[in-house]
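Subject: A structure for you to look at

Hi,

Here is the structure I promised to pass on. Have a look at it first, then read my notes below with the viewer open.

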Amino acid sequence: PVVETPKSTVEKVTKGITIGLNDRVGFVNHLFGGSNEDFNRVLSQLNTFDTFQDAKNFIEDLVKPDYNNWKGKTEFEERFMELVEKKFA
């Protein structure tokens with residue numbers, strides 16, 4: 001018989017926004033000051049928005065200011081925004 005394993009916490013948290021392990025590690029380290037908790041909290045909040053514009057405004061107004069506006073992190077920011085945008089595509 002096939003045994004179904006329960007979804008991992010990571011999969012549950014990121015439903016809607018799919019982020020691979022390498023991206024996740026990069027985002028946590030470069031965009032969220034090394035905090036998995038902050039990253040997970042932001043992701044779960046992003047999953048509550050109905051449009052990319054709302055999600056983008058949230059990131060610009062409430063997330064980035066907490067992390068030095070992601071100065072010098074353009075590559076990671078662009079990749080993160082690309083994955084967020086896919087959720088709303």
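Let's start with one residue: is Phe49 buried, partly exposed or exposed? Keep in mind as you look that this is a predicted model. Phe49 turns out to be partly exposed, because its relative accessible area is 22% and buried would mean under 20%. You'll find Phe49 in the loop between helix H3 (36-46) and H4. Leaving aside residues up to four places away in sequence, Phe49 touches Asp54, Ala55, Phe58, Lys87 and Phe88. Take Phe88 from that list: Phe49 and Phe88 are 39 residues apart in sequence, and their C-alpha atoms are 9.1 Å apart in space.

Now zoom out to the whole chain. The protein chain has five helices and zero strands, so if you walk along the sequence, the pattern you meet is α-α-α-α-α. There are 89 residues in the protein chain, and 34% of them count as buried. About 5900 Å² of the protein chain is exposed, with carbon and sulfur atoms supplying 49% of that area. As for contacts, take those between residues at least 6 apart in sequence: 63% of them join residues at least 24 apart.

Next, the way the helices pack. Two numbers help here: a packed pair of helices is described by the angle between the axes and the distance between the axes.

Try H4 and H5 to begin with. Helix H4 covers residues 52-63 and helix H5 covers residues 74-88; their axes come within 9 Å and cross at roughly 150°. That angle is why H4 counts as roughly antiparallel to H5, since the label applies to angles over 145 degrees. The crossing of H4 past H5 is right-handed. On the H4 side, the contact is made by Phe52, Ala55, Lys56, Ile59 and Glu60, while H5 brings in Glu77, Phe80, Met81, Val84, Glu85 and Phe88. Sorted by class, this contact of H4 with H5 has seven nonpolar residues, four charged ones and no polar ones.

Then compare the pair H3 and H4 on your screen. The axes of H3 and H4 come within 10 Å, crossing at roughly 145°. H3 also passes H4 in a right-handed crossing. Here Val42, Gln45 and Leu46 in H3 meet Ala55, Phe58, Ile59 and Val63 in H4. The residues in the contact of H3 with H4 divide into six nonpolar, one polar and no charged. Ala55 and Ile59 are worth clicking on: they belong to the contact of H4 with H5, and they turn up in the contact of H3 with H4 too.

What about H2? Which residues of helix H2 (residues 21-31) are buried? They are Asp23, Arg24, Gly26, Phe27, Val28 and Leu31. Arg24 also gives you a link to look for in H3: the C-alpha atoms of Asn40 and Arg24 are separated by 9.9 Å, with their positions 16 residues apart along the chain. Asn40 sits in helix H3, and with a relative accessible area of 23% Asn40 is partly exposed.

Last, a few backbone angles. Most residues other than glycine have a negative phi. Which residue takes a positive phi just after H2? That one is Gly33, at about 55°. Two asparagines are worth a closer look as well. Asn68 has a phi near 55°, a positive value in a residue other than glycine, and Asn69 has a positive phi of about 55° although it is not a glycine. Asn68 is placed in the loop between H4 and H5, and Asn69 is found in that loop between H4 and H5 too. How do they sit with respect to the surface? Asn68 counts as exposed because its relative accessibility is 53%, over the 50% cut-off. Asn69, with a relative accessible area of 37%, is partly exposed.

Happy clicking, and write back with whatever puzzles you.

Cheers

Definitions and conventions
Residues numbered from 1 in each chain as written. Predicted model: local features only at pLDDT ≥ 70, side-chain atom pairs only at ≥ 80, totals over all residues. Heavy atoms only, no water. Helix = DSSP H or I, 4+ residues; strand = E, 2+ residues; numbered from the N terminus. Buried < 20%, exposed > 50% of the residue type's maximum accessible area, 1.4 Å probe, protein only. Contact = heavy atoms within 4.5 Å. Areas by Shrake-Rupley, 256 points an atom, 1.4 Å probe, with all protein chains shown as cover. Axes fitted to C-alpha atoms, helices over the stretch in contact; angles between N-to-C directions. Parallel < 35°, antiparallel > 145°, perpendicular 65-115°, else oblique. Left-handed = near helix turned anticlockwise from the far one by under 90°. Nonpolar A, V, L, I, M, F, W, Y, C, P; charged D, E, K, R; others polar.
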